[in-house]
Amino acid sequence: LIFPHNNNDNYIITSTFNKSDDNDKSATKIYSLNNGQFIKYINNSNNKAIYYLLSWYNKKNNKYYIIQLAYKKIIINNLLEDELYSELIQQQSEDCHLSGFIYNRNNNDYLCSSSSNGNIDIWDLYNKNLFKIINTNKCLLAHIIKWNNKYIIVTDVNNKSFKIIDLDENKIISDIGGQHT
């Protein structure tokens, strides 16, 4: 993940799904993109399997955050301060959060994440809670992208297909494929 911070500082952030007591082998790390120098480890990230990273600028408090999509939770940390903004956990059927994106609607920021349990979880980033769940009947959902303000596309690994999801209707409107390998 490349994270532009301001005109002078740019960062590259790396993670792994490996868990270890050794931060060098497992923790989420921040490096300077300008000179390659190691800056710091994200606190307590070495003992969590991290699958995907997102950057987020919180317009309400003017701070930069790193969102770590992980096994059974989503962890949001301040980029440079040792602050945990939130740990988001979907209580009903939590599993691996494999991909995600951030979108804004009505001046609110939402995190949309795919998971291996077939749920697309949509989180309100300012209120730090689950906004809604779109269930795809236990499909193994991997990569997810925002197509436009109404539709998202998500890969269904088990069925070797792409699903088109209507964000307003909260349902699958098309299932493309079945032949992809």
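**View 1. The exposed surface of the protein.** In this predicted model, the protein exposes about 9500 Å². Carbon and sulfur atoms supply 45% of that area. Looking beneath the surface, buried residues make up 45% of the 181 residues.

**View 2. The fold and its overall dimensions.** Follow the chain here and you will meet 1 helix and 16 strands. The radius of gyration is 17 Å, close to the 16 Å that the globule rule gives for 181 residues, so the protein is as compact as a globular protein of that length. Along the principal axes, the C-alpha atoms fill a box of roughly 45 × 35 × 30 Å.

**View 3. Contacts across the sequence.** This view is about which parts of the chain meet. Of the contacts between residues at least 6 apart in sequence, 36% join residues at least 24 apart.

**View 4. The largest pocket.** The largest pocket has a volume of about 160 Å³. Its lining is made of 16 residues. To find your way to the centre of the pocket, look for I42, N43, N44, N77 and L84, the lining residues that lie nearest to it.

**View 5. Strands and chemistry of the pocket lining.** Three strands, β4 (38–41), β7 (73–78) and β8 (84–88), each supply at least two residues of the lining of the largest pocket. Among the contributors to this lining, β7 gives the most, with 3 residues. Sorted by class, the lining has 4 nonpolar, 6 polar and 6 charged residues.

How values were computed. Residues numbered from 1 in each chain as written. Predicted model: local features only at pLDDT ≥ 70, side-chain atom pairs only at ≥ 80, totals over all residues. Heavy atoms only, no water. 1 Å grid on protein atoms, 1.4 Å probe; cavity = no way out; pocket = protein on both sides within 12 Å on 5 of 7 lines; lining within 4 Å. Points joined across faces, edges and corners; volume = space filled by probe spheres on them. Helix = DSSP H or I, 4+ residues; strand = E, 2+ residues; numbered from the N terminus. Nonpolar A, V, L, I, M, F, W, Y, C, P; charged D, E, K, R; others polar. Rg over C-alpha atoms; globule rule 2.2 N^0.38 Å. Buried < 20%, exposed > 50% of the residue type's maximum accessible area, 1.4 Å probe, protein only. Contact = heavy atoms within 4.5 Å. Areas by Shrake-Rupley, 256 points an atom, 1.4 Å probe, with all protein chains shown as cover.
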